[in-house]
Every structure is written in structure tokens, then in C-alpha cells.
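Let's take a walk through a protein fold together. Keep the sequence and the 3D view open while you read.

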Amino acid sequence: MLLTRPITFFAGKGGVGKTTMAAAHALAAADAGHRTLVVSTDPAHSLGDAFETRLADRPRRIAEGLWAAEPDADAAVRRRVRQVEDDAAAALPRAIMPAVRRHLDHASAGPGMTESALIDLLTGYLAEVPAKWDRLIVDSAPTGHLLRMIALPSLLAPWIHGLTRRRERVVAADRFAEAVVGGPESEPDPLLERLHRRRRRLTEAADRLRDDAEVRLVLVPRRMVLAETERAADALDEGGFTLGRVVLNQIAVDADPVLLARIAQRFARPGIVRYGAASAEPTGFARLRELVARVPE
């Protein structure tokens, strides 16, 4: 199953085999000569289990042309909170910082903070394509998390823009005062530069997710799974994201023909790739290669 874009997300309901598909196609891309990075953004990592090797927070080379990582979500949250606090401390009045810190303490345990922290990591990897990686493959969190995460760059950019505007006003006031009373020539403001860089990264990430990425939804022939997959496809379409060929996995010989026909009709566009049920769990490099070879294009 050829990957048509440099950035590919494998997504779907838990237990449908998206991690296996992400691992198998990352290996296939590397075997085809592409410098490939596969990253898990699922807090319950299993990418290392698929490769039958131990993975870490940072990318590690695990085969010729293939690197893999399982980011530490808790560490990413801590880094994210520190960055937000630093930016807020420099851009906002000192008197309200205790309230900001209380809010951050509360928010760091919230369901959106992990996605926010992981999107920081992901924007870094997106920026490395194609200079460092020819292919970036993301083993996504279950569907709801994915939809929130890939929408975050667009949602966070205005917030960073607001902080930037506040900081610009502070810097402008300081420089006006220096011009009036005299003094040495002003140095570039490091915080303002950092805010500008972060805003550019988020804007570029949002553009790349829509222009260079596709989402391949993985499902199995069960009605509840199909219902969730249909909702995800609709949400991706409404968000302006590209839906790649759907992966219909674990098709048993006695699968419901009516359900299979409904899936075929629903996803005639963008198309379907079908995988029969395997007798053995496809883990390890040899079985992952066999999995991709079963469906040539």
C-alpha cells in the first residue's frame, strides 16, 4: 500500500490494528529507500511491541533507514507547562502570575494538555520533513484524541498571537521610554523572538497537516467500529484534512457480507485496502514485511 504523501497518520478505534499498520508501512517505506521516522502519539504506546524492540522518548534507529520513538507524554507535559509559564511571566503583569500558575497546575492534569504537549513534539518532527525525514508516519491515539490533536495548531496559533501582541506593546513602550530619556541602543527581545518562532511553527504545522499529510483510518468489520470510523471521516473532511485509503483489517472468512458491502459503498472514495484475518499476530520485522507484501499495489 503505497504512501502517497510524506506525512501519514494511521488512526482508528482502539484494537483495530492501527499500530501494526503504522509499523508495517514505516518498515516498507524504509525498505523502499526512504529515510523514515515512525512516532507513536498514543499515550498507551505499543509501537515497540509491534517491532518487538524497546523504544524511547527520542527517535532511535531500529533498521536500515528506519527510526522510531515513543514520546514520554508526562515529560512532554512538564516541558509544555514550563514553556507556557515562561512566556506568560514575560508577557503578562507580575501581579496575575500566581493565578496563571494555579491555572497551569490545574490545566496540566486536564485531558487537553497531553495533546498540546505532544503537538509541540509533532510540530518539531513536521518541520524536519523533508530535510531529515522523507517519510513521517504517526501511530495516532484513538480517534477522538487524533481529531483534537491535529486541530490544535490552528487553535493554539491565535493564543500565541495574543501573547505576541501583548509583548510587542511592552517592548514598544520600553523603547519609547528609552528614546525619550536616552540610553544604549535596544537589544532584540529574546522572548518576542521566541513567540514569533512558536507562532510560525504552529502556522506552518497547521498548513503542513492540510497540504502534505493524510489520515488513513483503520477499521475492522464491526458495526460499532464502522460508526466511529464514519464520524471520524466526516470530522476530518469538515476540518479540511485529507483522508487516504481506508484500511479494512482482520476480515474473517465468515464476515457479514451486508456490512462489508456497506463499508465498500461508504468508502468507495477514497478507496479501501483489505487485509484478511491473520493466523498469527503480525509482530516483528519479518511478519510486518509479510503483512505489507500481502496487498501489493
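Before we start, one bit of vocabulary: a residue is called buried when its relative accessible area is under 20%, exposed when it is over 50%, and partly exposed in between. Keep in mind, too, that what you're looking at is a predicted model.

Let's try those words out on Ala56. This residue has a relative accessible area of 37%, so it's partly exposed. You'll find Ala56 in the loop between helix H2 and strand E3, which covers residues 60-63. Who does Ala56 touch, once we skip residues up to four places away in sequence? The partners are Ala69, Glu70 and Pro71. Take the pair Ala56 and Ala69: they're 13 residues apart along the chain, and their C-alpha atoms are separated by 5.6 Å.

The loop between H2 and E3 is also home to Glu52. Glu52 counts as exposed because its relative accessible area is 54%, over the 50% mark. There's something else to look at in its backbone: phi of Glu52 is near 55 degrees, a positive value in a residue other than glycine.

Now zoom out. The protein chain has 297 residues, and 47% of them count as buried. It's built with 10 helices and 9 strands. On the outside, the chain exposes about 14,800 Å², with carbon and sulfur atoms supplying 53% of that. And how do distant parts of the sequence figure in the contacts? If you take the contacts with a separation of 6 or more, 77% of them are between residues 24 or more positions apart.

Next, let's go inside. The largest nonpolar core has 63 residues, and those with the most contacts inside it are Phe9, Phe10, Val38, Phe51, Leu66, Leu136 and Ile263. Helix H1, residues 18-31, provides the largest share of this core, with 7 residues. There's also a second, separate core of 12 residues, and Val84, Ala88, Met97 and Leu121 are among them. For a closer view of the largest core, click on Val38: leaving out residues up to four places away in sequence, Val38 touches a list that includes Ala22, Ala26, Phe51, Leu66 and Ile137.

While you're at helix H1, have a look at Thr19, which is found there. Is Thr19 buried or exposed? Its relative accessible area is 10%, so Thr19 is buried. Beyond its neighbours within four places in sequence, Thr19 is in contact with Ser46, Leu47, Ala50 and Asp139.

H1 turns up once more at the largest pocket, which has a volume of about 370 Å³. The lining has 22 residues, and the closest to the pocket's centre are Gly17, Thr20, Gln250, Glu281 and Pro282. H1 gives the most to this lining, 4 residues, while H1, helix H2 (47-51) and strand E8 (246-251) each supply at least two. Sorted by class, you get 7 nonpolar, 10 polar and 5 charged residues.

One of those central residues, Gln250, sits in strand E8. With 37% relative accessibility, Gln250 counts as partly exposed. Its phi is near 55 degrees, again a positive value in a residue other than glycine.

For a last stop, find Pro130, in the loop between helix H5 (111-127) and strand E5 (135-139). What is the peptide bond from Val129 to Pro130 like, cis or trans? It's cis, with omega near 10 degrees.

Definitions and conventions: Residues numbered from 1 in each chain as written. Predicted model: local features only at pLDDT ≥ 70, side-chain atom pairs only at ≥ 80, totals over all residues. Heavy atoms only, no water. Core = buried A, V, L, I, M, F, W, Y, C linked by side-chain atoms within 4.5 Å. Buried < 20%, exposed > 50% of the residue type's maximum accessible area, 1.4 Å probe, protein only. Contact = heavy atoms within 4.5 Å. Areas by Shrake-Rupley, 256 points an atom, 1.4 Å probe, with all protein chains shown as cover. 1 Å grid on protein atoms, 1.4 Å probe; cavity = no way out; pocket = protein on both sides within 12 Å on 5 of 7 lines; lining within 4 Å. Points joined across faces, edges and corners; volume = space filled by probe spheres on them. Nonpolar A, V, L, I, M, F, W, Y, C, P; charged D, E, K, R; others polar.
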